[in-house]
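Welcome! Here is a short guided tour for anyone opening this structure for the first time. Please keep the 3D view beside you as you read.

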Amino acid sequence: MFLLSWRYVDFVWAVSVMKRLDGVDRIRPYFWGRYSLTVWLMGGVGAFVLVGTVAMVMYFNYLGRVEEMVALESLGKANALFLDQSNLPQSSHMAGQLGRVMGAEVEFLEEKGLADGKARREGERIRVGYGLASGKEVWFSREVRELGPWAVWKRVDARIALGVFWVMGLVFGVWLGRKVTVPMGRLAAVLPRIGGEGELEGLPDKGPLEIRRLSEVLRETHESLRNERERRRNAERLAILGRMATSLAHEVRNPVSAIRLHGQLLERVCGESEKESVGMIVEEAGRIEGLVNQWMRYAKPGGIKSERVVVRDLLDDVVRGLGAQARHSGVNFRMVVEAEDEVVMGDGERLRQVFWNVLLNAVQSVAVGGEVVVKILQGRVDIEDEGKGFSEEALVRFGEAFHSEREGGMGLGLAVSKEIVEAHGGRMIGENRDGGGARVSVIWK
């Protein structure tokens with residue numbers, strides 16, 4: 001009752017404010033958004049409990065009337081039996097005395113066949129009649145007692161039933177409120193972290209279907225925002241790289257070309273003892289020049305030529321080019337050729353860059369005395385090493401630009417290689433070998 005009264009006062013207040021405003025739409029957001037979800041849930045449960053209480057009061061009042069009729073039937077039956085077994089006169093005087101004892105009105109009537117022993121309500125009275133052995137009928141009647149709403153409290157069973165119902169309503173209201181508001185509170189706590197760094201933890205995985213679906217949508221939105229942010233970062237890095245590559249290309253290429261040219265001239269005239277050092281100068285100058293070219297190609301990729309490339313010859317050339325660095329690192333190359341005549345149509349210079357990058361990574365990951373195996377298979381080339389293999393993150397981000405776990409690495413080698421292979425209509429896969437080490441597969445068929 002208090003809840004309804006409070007709601008009524010609130011409604012009257014809102015209507016009075018509405019009269020001072022322009023239209024219903026201006027009051028609706030305030031009226032409906034004034035209270036928390038918990039209040040609305042508890043209000044709904046309270047209304048249910050109130051309706052249930054009224055229904056139970058009406059039921060127990062009805063039950064009281066039924067019991068009153070049953071009591072009159074039982075009392076009348078006992079007195080009718082008493083009259084049949086006694087020799088008392090069945091007169092109006094006897095009816096008055098019996099009525100005073102019973103607390104009811106008693107009258108004797110000539111038999112009409114209406115006395116069936118069933119109590120019935122006639123207007124404001126309850127009447128029941130019984131046939132007597134004398135051929136008369138005896139009728140008992142009482143006024144109907146009007147039971148007020150508080151009369152139900154006189155019944156012990158009614159008090160117990162209402163008490164249990166109210167406790168159950170309270171428990172159900174609290175349970176329902178927590179069932180909805182607790183997950184909603186967790187969702188509200190997680191919302192500010194959507195699109196941020198790291199995984200989105202704390203989302204409710206249990207509860208109503210709508211809550212779980214909302215958690216899934218928020219998780220998908222978070223991943224989408226993270227991926228978009230990462231793509232934006234890569235785009236910004238590429239833009240920076242493009243500007244760096246353009247500005248550094250002219251500054252680096254000229255001195256590197258001069259160093260390489262003079263090194264090649266020195267190779268022709270120096271003695272045997274100096275040739276290795278001069279060869280290293282030429283090789284490292286070429287490596288710097290190749291790095292600058294790699295920057296330029298990644299920042300401003302050009303078109304792919306189509307020419308006949310013999311895979312065995314291409315890989316032999318790359319292995320020879322990396323021979324000095326492999327020997328310096330104490331790493332051995334081993335070729336396994338199962339498709340001797342394997343040919344691919346593509347850009348030989350770009351494919352050479354792919355295998356150079358992959359083999360160079362393999363050499364740098366293998367310890368002294370290790371081995372790098374190059375397998376030429378039908379439609380693919382597998383490059384395997386005996387290093388520590390890829391980490392879980394490296395496998396997930398394989399071929400992603402600017403991701404490198406090697407100290408000093410820029411994270412462009414595999415990214416450039418993967419783009420070149422995909423431009424040729426192929427694919428490049430990185431995985432860990434069962435026996436240890438890593439495997440990079442270049443597949444074009």
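The notes below go topic by topic, from a helix to the cores and the charged pairs. Please bear in mind that this is a predicted model. A search of the whole structure finds 3 aromatic pairs, and the structure also holds 17 salt bridges.

**Helix H5 and a neighbour in H6**

- Let us begin with helix H5, which covers residues 156–190. Its 35 residues, at 1.5 Å each, should span 51 Å, and the end C-alpha atoms are indeed 51 Å apart, so the expected and computed lengths agree.
- H5 also has a kink of about 25 degrees, and Arg178 is at its centre.
- Several residues of H5 are buried, among them Gly169, Gly173 and Gly177. Others on the buried list include Ala158, Leu162, Phe165, Pro183 and Leu187.
- A useful thing to know while looking along a helix is that an α-helix has 3.6 residues a turn, so residues three or four places apart point the same way.
- Ser215 belongs to helix H6, residues 209–269. Ser215 is buried, with a relative accessible area of 1%.
- Leaving aside residues up to four places away in sequence, Ser215 touches Leu187, Leu203 and Pro204. Leu187 is itself one of the buried residues of H5.

**Aromatic pairs**

- The search of the whole structure gave 3 aromatic pairs. One of them joins Phe48 and Phe165: the ring centres are 6.1 Å apart and the planes meet at 55 degrees, so this pair is tilted.
- This pair links distant parts of the chain, with Phe48 in helix H3 (residues 37–85) and Phe165 in helix H5, 117 residues apart.
- Are the two partners buried or exposed? Phe48 has 51% relative accessibility and counts as exposed, whereas Phe165, at 19%, counts as buried.
- Phe390 and Phe398 form an edge-to-face pair, 5.7 Å from centre to centre with 85 degrees between the planes. Phe398 is buried, with a relative accessible area of 10%.

**Two nonpolar cores**

- As background, nonpolar side chains tend to be buried together in soluble globular proteins.
- The largest nonpolar core has 35 residues, and the members that touch the most other members are Phe355, Leu359, Val372, Val381 and Ile383.
- Elements giving two or more residues to this core include helix H8 (311–321), helix H10 (348–365), strand S8 (371–377) and strand S9 (380–385). H10 supplies the largest share, 8 residues.
- Leu359 is a good place to zoom in: beyond residues up to four places away in sequence, Leu359 touches Val318, Val319, Leu322, Phe333, Val372, Val374 and Ile383.
- There is also a second, separate core of 18 residues, which includes Met94, Ala95, Ala119 and Val128.
- Val128 sits in strand S3, residues 125–131, and at 0% relative accessibility Val128 counts as buried.
- Contacts of Val128, apart from residues up to four places away in sequence, include Leu72, Glu73, Ala119, Val138 and Phe140. The C-alpha atoms of Val128 and Phe140 are 5.5 Å apart, although 12 residues separate the two along the chain.

**Salt bridges**

- Side chains of opposite charge can pair when their charged atoms come close.
- Glu105 and Arg125 meet through their side chains in a salt bridge, 3.4 Å from N to O. Glu105 is in strand S1 (residues 105–110) and Arg125 in strand S3, 20 residues apart.
- Arg125 is partly exposed, with a relative accessible area of 21%.
- Arg352 forms a salt bridge with Asp317, and the closest N and O atoms are 2.8 Å apart. Arg352 lies in helix H10 and Asp317 in helix H8, so the pair ties together parts that are 35 residues apart in sequence.
- Both ends of that bridge are partly exposed: Arg352 has a relative accessible area of 24%, and Asp317 has 29% relative accessibility.
- Another salt bridge joins the side chains of Arg433 and Glu384, at 3.7 Å from N to O. Arg433 is in the loop between strand S10 (427–432) and S11, while Glu384 is in strand S9, 49 residues apart.
- How do these two partners compare in burial, buried or partly exposed? Arg433 is partly exposed at 26%, but Glu384 is buried at 5%.
- Through shared partners, salt bridges join Lys375, Glu384, Glu431, Arg433 and Arg439 into one network.

Technical notes. Residues numbered from 1 in each chain as written. Predicted model: local features only at pLDDT ≥ 70, side-chain atom pairs only at ≥ 80, totals over all residues. Heavy atoms only, no water. Helix = DSSP H or I, 4+ residues; strand = E, 2+ residues; numbered from the N terminus. Expected span 1.5 Å × (residues − 1). Bend = angle between axes of the 7 residues up to and from the residue. Buried < 20%, exposed > 50% of the residue type's maximum accessible area, 1.4 Å probe, protein only. Contact = heavy atoms within 4.5 Å. Phe/Tyr/Trp six-rings, centres within 6.5 Å; stacked < 30°, edge-to-face > 60°. Core = buried A, V, L, I, M, F, W, Y, C linked by side-chain atoms within 4.5 Å. Salt bridge = Lys/Arg side-chain N within 4 Å of Asp/Glu carboxyl O.
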